[in-house]
Amino acid sequence: MFKKNGKLIELPRKGIALIVTDIHGNITDFKKFMDIWSSFEDDEDNHIILTGDFIHAMGRDNDQSVEILEYVKFRSENSNNFHVLLGNHEWATMSNKVLFKAGINQTYNFDELLKEKFQDNCKEKRDEYIEFFKELPIAVRTDNRIFISHAGPPHNIRSQDEIANITSEGYDNPKLLEFLWNRKDDFNKQVLKSFLEAVDCKMMVVGHTPVNGIKVVHKNQLIISSSYGKGKKAYVELDLDREIRKSKDLLKMVKYLK
Ligand SMILES: [Mn+2]
């Protein structure tokens with residue numbers, strides 16, 4: 001089992017954790033990841049972590065955000081080892097902020113999608129989804145010292161408890177926003193190092209920035225693009241029992257979607 005410390009999930013030193021990032025409404029890829037997960041899920045020591053941004057495709061033609069959201073919501077509410085983290089796209093929906101990606105107004109598109117699917121019920125559905133987003137954790141810390149979040153790190157984090165309580169003053173606070181939005185140009189090597197020290201971790205795994213499968217930043221952050229990215233689609237099959245000292249150890253656990 002795992003421990004839920006406020007907005008922080010803590011995973012013990014056993015089993016495997018699949019880390020999947022940035023699905024962005026792509027149901028074809030999502031189903032492939034669920035197939036992969038199906039060979040792990042019977043063992044209660046195994047976990048899957050979706051690191052947010054599972055909604056909002058780049059255009060409406062193939063946007064299966066609602067189907068994915070329904071499935072993800074059901075699974076995470078009915079299974080102990082299905083973890084879903086908040087991404088900036090879910091945050092924008094719950095905060096009613098307009099969000100553009102690749103020149104497309106994602107907030108508008110998502111509302112239109114809800115109207116199409118649920119007609120008169122679309123407002124209730126929207127509220128239901130927002131309640132779900134408010135329940136989502138922000139990050140996972142594993143006992144073998146890997147930290148997993150949508151993006152980041154934020155500046156000036158001093159302890160794990162600060163992350164556990166990060167939404168205690170609402171969802172519009174600067175540290176949370178940095179967790180959801182920060183990319184490599186928003187922090188330097190020293191900020192990453194102090195963050196990892198504060199949470200007692202060796203490495204950090206994030207999504208958010210589209211890359212060609214993977215990219216290592218300042219030696220201690222691994223960016224993964226599992227679906228929406230720049231070519232290859234990668235995920236991590238994290239061995240929770242193995243000691244990880246540096247990026248090389250973690251890179252051995254990276255797999256690619258076929
Ligand atoms: Mn993102």
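**Exercise 1. Find how strand 13 and strand 14 pair, and over how many bridges.**

Solution. Work on the predicted model.
- Step 1. Locate strand 13 at residues 234-239.
- Step 2. Compare its direction with that of strand 14: the pair is antiparallel.
- Step 3. Count the bridges between strand 13 and strand 14: there are three.
- Step 4. Check the register. Tyrosine 235 faces lysine 255 of strand 14.

**Exercise 2. Place strand 13 and strand 14 in their sheet, and explain why strand 5 and strand 14 each have a side without a neighbour.**

Solution.
- Step 1. Write the strand order: 5-4-3-13-14. This is an open sheet of five strands with mixed pairing.
- Step 2. Look at the ends. Strand 5 (82-84) and strand 14 (254-256) are the edges. Each has a single partner strand, so one side of each lacks a neighbour in the sheet.
- Step 3. Add the twist. Neighbouring strands here are turned by 25 degrees against each other on average, direction ignored.

**Exercise 3. Trace the chain from strand 3 through strand 4 to strand 5, and give the handedness of each crossover.**

Solution.
- Step 1. Pair strand 3 (residues 16-20) with strand 4. They run parallel and are joined by four bridges. Isoleucine 19 has isoleucine 49 of strand 4 as its bridge partner.
- Step 2. Insert the helix. Strand 3, helix 1 (residues 27-38) and strand 4 form a β-α-β unit, and the unit is right-handed.
- Step 3. Pair strand 4 with strand 5. They are parallel too, with three bridges between them. Isoleucine 48 has phenylalanine 82 of strand 5 as its bridge partner.
- Step 4. Follow the second crossover. The chain passes from strand 4 through helix 2 to strand 5, again a right-handed β-α-β crossover.
- Step 5. Position helix 2. Helix 2 (residues 65-78) lies across strand 4 (47-50) and strand 5, at about 125 degrees to strand 5.

**Exercise 4. Decide whether isoleucine 48 is buried or exposed, and list what it touches.**

Solution.
- Step 1. Place the residue: isoleucine 48 sits in strand 4.
- Step 2. Count neighbours. Isoleucine 48 has 23 C-beta neighbours inside 10 Å. The threshold for buried is 20 or more. Isoleucine 48 therefore counts as buried.
- Step 3. List the contacts, leaving out residues up to four places away in sequence: Leu18, Val20, Trp37, Asn81, Phe82 and His83.
- Step 4. Check a distance. Isoleucine 48 and isoleucine 19 are 29 residues apart along the chain, yet their C-alpha atoms are separated by 6.1 Å.
- Step 5. Look at the rest of strand 4. Ile48 and Leu50 point one way, His47 and Ile49 the other, and all are buried.

**Exercise 5. Identify which residues touch the most other members of the largest nonpolar core, then examine isoleucine 224.**

Solution.
- Step 1. Take the core as a whole: it holds 63 residues.
- Step 2. Pick those that touch the most other members: Ile19, Ile49, Leu50, Val205 and Ile224.
- Step 3. Go through the contacts of isoleucine 224, again without residues up to four places away in sequence. They are Ile19, Thr21, Val205, Gly207, Ile214, Ala234, Tyr235 and Val236.

**Exercise 6. Apply the neighbour count to glutamate 131.**

Solution.
- Step 1. Place the residue: glutamate 131 lies in helix 5 (residues 122-135).
- Step 2. Count. Glutamate 131 has 11 other C-beta atoms within 10 Å. The cut-off for exposed is 12 or fewer. Glutamate 131 is therefore exposed.
- Step 3. Compare sequence and space. Methionine 94 is 37 residues from glutamate 131 in sequence, and 8.2 Å away in space, C-alpha to C-alpha.

**Exercise 7. Build the sheet of seven strands, starting from strand 1.**

Solution.
- Step 1. Join strand 1 (residues 3-5) to strand 2 (residues 8-11). They are antiparallel, with three bridges. Lysine 3 has glutamate 10 as its bridge partner, and asparagine 5 stands opposite leucine 8.
- Step 2. Inspect the turn. Strand 1 and strand 2 make a hairpin with two residues between them. Glycine 6 in this turn has a positive phi of about 60 degrees.
- Step 3. Add strand 8 (residues 139-142). Strand 2 pairs with strand 8 in parallel over four bridges. Leucine 8 faces alanine 139 of strand 8.
- Step 4. Complete the order: 1-2-8-9-10-12-11, an open sheet with mixed pairing.
- Step 5. Name the edges. They are strand 1 and strand 11 (214-217), each paired on one side only.
- Step 6. Add the twist: 20 degrees on average between neighbouring strands, direction ignored.

Definitions and conventions:
Residues numbered from 1 in each chain as written. Predicted model: local features only at pLDDT ≥ 70, side-chain atom pairs only at ≥ 80, totals over all residues. Pairing = 2+ DSSP bridges. Axes fitted to C-alpha atoms, helices over the stretch in contact; angles between N-to-C directions. Contact = placed C-beta atoms within 7 Å. Core = buried A, V, L, I, M, F, W, Y, C linked by C-beta atoms within 7 Å. Right-handed = clockwise from strand over helix to strand, strands pointing away.
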